[in-house]
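Me: I am new to reading protein models, and I would like to go through this one slowly, with the reasoning behind each reply. Could we take it one question at a time?

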Amino acid sequence: MMKRLNKLALSLAIAAICGSAIAKNSPADYSNPTWKDKYPEQYASWASTEESTDKGDILADNPNAVILFGGYGFAKDYNKPRGHQYAVTDLTRSLRTGGPMDSSEGPMAASCWGCKTPDMIRMYDQVGEADFSDKKWGAWGHEMSNSIGCADCHDAETGKPTPARPFAMRGFEAAGEKFEDQEDNIKAAMTCAQCHVEYHFDGADHKKVKFPWDGGQNPDAMLAYYDAKNFKDWTHKISKAPMLKAQHPEWETWKVSVHAEMDVTCIDCHMPKQENAKGVEFSNHNVGNAIGNFEAVCADCHDTKADMVELLRANKAEVHSAQAAAEVVITKAHFDAAAAWEAGADEAEMKASLMDIRHAQWRWDYAIASHGIHAHNPSLALEQLAQAKAIGEQARAKLKAILAKHGVNEVTYPDYSTKAKAQVLVGLDKAKLDAQKKKFLEERVQKEWPVKVQY
Ligand code: HEC
Ligand code: HEC
Ligand code: HEC
Ligand code: HEC
């Protein structure tokens, strides 16, 4: 015990001498163009993420998702990720952030800026993380001029890949993986893990961003963490279940993959080294096109690009069909629950089935909200989706018994075959949301905010 305490005291003393390992930058360094002349190749390849423009419409492609997210922002608007250059634009344009005409209006909290811009770190430096996070999202737009950039991942003084987000550093430490203790390749990948992870806003701590990793990073441990805290992201509009939204856990799903086992990280696949015209090596900062790096990266271990493209397609199809199978069950479970409430079931009767719905949907979301899962860890996705379906079926069996007890032997399901129909069912007025957004963009954003987003 004594020894451990001494070690702790020593490491605290060292930390005090060296300062924190987190990136420290001057106000000017938070602006991306500041870095351009010194690092032209890195800058140009980073800027080229602008070429990835496709964002799709997940809700139009899959109206089930509108029902599953009923009562929550993701039922309003949900797109696929695209280039890092678009992070601020897409957040500002999303119907999820609404149309706050002044600093105190919602709907979203300031921590929504958490994974979009280095300007947030500049504001943390200026006003403190707690004061920043206490405010609403709309309170800070006038400060946000840079999309995901150099100071998000680098300390200008050392130039090394270094995370800038204090909440990420706390997350790594809680998971027993302190940044300072990692090998260089993991440190580099931890720059991605600032954002490509599951998180929530901690209501007990100024709505700061928090990673739910205190008990581990696997889906069971994170679910146990949320259950123990009685945390919910929202109450479901149809079933009244206490829901969780899983967010893009790329880091967590990669960590238990075959590639992680072989020390192949996000950086190897998404940021390989290449040479400039003078033969000087640099890291390609266009993170978007991993399969385009086949020859430089994958070919060390995999045969041909054509085989790889086919493997990815097949993996995607398999994940997709497991997703659809789970979705059918969980979507119906929400309607079954609504029918049970209507038939007169009380909270005590409903509790267990609502928890099943929560747990089933968590696993479904964990598997599919992680974009690229078909490349990163398809077997984990399939395992979670199978569990999602099984738990969803348990919910439905329980609800069937409750319904029978209240004299209902058949539930009729409404038509949710299109995004528009499903949005009406979850009580959304799309025209109103669009009008709000238009007003906000034209009368506030285009006049007062540095990133001019068009409607
Ligand atoms: C999302 C995180 C991230 C962003 C954003 C980012 N970098 Fe990097 N950068 C890295 C990582 C990770 C490495 C190290 C790669 C390695 O060690 O293999 C790196 C390496 C570098 C290096 C070292 C030489 C090299 O190319 O490997 C320089 C210089 C650099 N980045 C400059 C920049 C500049 C300038 C910007 C902004 C235009 C920027 N970076 C944006 C993560 C990032
Ligand atoms: C500051 C937060 C942040 C960091 C750090 C970050 N990302 Fe992202 N990433 C995002 C966001 C937000 C998007 C979606 C942007 C959009 O759609 O507007 C995204 C999108 C992506 C995409 C999709 C790109 C496309 O063209 O479709 C890939 C791939 C990606 N990130 C990989 C990485 C890798 C690899 C790293 C580490 C080197 C990294 N990201 C670091 C926030 C981040
Ligand atoms: C073995 C190589 C490899 C590793 C390691 C890897 N990725 Fe990927 N990633 C890919 C490939 C390939 C795709 C694209 C699959 C496709 O196009 O079908 C992808 C897709 C993605 C996407 C989705 C892009 C989109 O537009 O849908 C994101 C985000 C992403 N990766 C981030 C990360 C992060 C963060 C890490 C580290 C935690 C990581 N990746 C580790 C190869 C890798
Ligand atoms: C250091 C070696 C290595 C590199 C580099 C590598 N892989 Fe792999 N990859 C493996 C091994 C080993 C497996 C597991 C055995 C297998 O399925 O062939 C694997 C499996 C896969 C799988 C199947 C995933 C699964 O869990 O079933 C995909 C998809 C994949 N790799 C894509 C890529 C892509 C894309 C790249 C380049 C961007 C890449 N790999 C780079 C070694 C590597």
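Me: In which loop does Asn230 lie?
Reply: In this predicted model, helix α11 covers residues 219–229 and strand β3 covers 234–235. Asn230 therefore belongs to neither element, and its place is the loop between α11 and β3.

Me: Does Asn230 count as buried or exposed?
Reply: A residue is called exposed if 12 or fewer other C-beta atoms lie within 10 Å of its own. Asn230 has 7 C-beta neighbours inside 10 Å, so the class that applies to Asn230 is exposed.

Me: What is the phi of Asn230 near?
Reply: The phi of Asn230 is positive, although the residue is something other than glycine. The value lies near 55°.

Me: Does Lys207 count as buried or exposed?
Reply: Lys207 is found in the loop between β1 (200–202) and β2 (208–210), and, without being a glycine, it has a positive phi of about 55°. The cut-off for a buried residue is 20 or more other C-beta atoms within 10 Å. Lys207 has 20 such neighbours inside 10 Å, so Lys207 counts as buried.

Me: Which peptide bond is cis, with omega near 5°?
Reply: The bond leads into Pro107, a residue in the loop between α5 (87–93) and α6 (119–127). With its omega near 5°, the cis bond is the one from Gly106 to Pro107.

Me: How are α15 and α16 oriented to each other, roughly parallel or roughly antiparallel?
Reply: Helix α15 (residues 305–342) and helix α16 (residues 347–368) pack with their axes 10 Å apart, at an angle of about 155°. Angles over 145 degrees count as roughly antiparallel. The two helices, α15 and α16, are therefore roughly antiparallel.

Me: How many nonpolar residues does the contact of α15 with α16 have?
Reply: The crossing of α15 past α16 is left-handed, and the residues making the contact include Ala326, Ile330 and Ala333 of α15 together with Leu354, Ile357 and Trp364 of α16. Sorted by class, the contact has 4 polar residues, 1 charged residue and, for the nonpolar class, 11.

Me: What is the radius of gyration of the chain?
Reply: The chain has 20 helices and 6 strands. For 455 residues the globule rule gives 23 Å, and the chain comes close to this, so it is as compact as a globular protein of that length; its radius of gyration is 23 Å.

Note on methods:
Residues numbered from 1 in each chain as written. Chains lettered and ligands numbered in written order. Predicted model: local features only at pLDDT ≥ 70, side-chain atom pairs only at ≥ 80, totals over all residues. Helix = DSSP H or I, 4+ residues; strand = E, 2+ residues; numbered from the N terminus. Rg over C-alpha atoms; globule rule 2.2 N^0.38 Å. Axes fitted to C-alpha atoms, helices over the stretch in contact; angles between N-to-C directions. Parallel < 35°, antiparallel > 145°, perpendicular 65-115°, else oblique. Left-handed = near helix turned anticlockwise from the far one by under 90°. Contact = placed C-beta atoms within 7 Å. Nonpolar A, V, L, I, M, F, W, Y, C, P; charged D, E, K, R; others polar.
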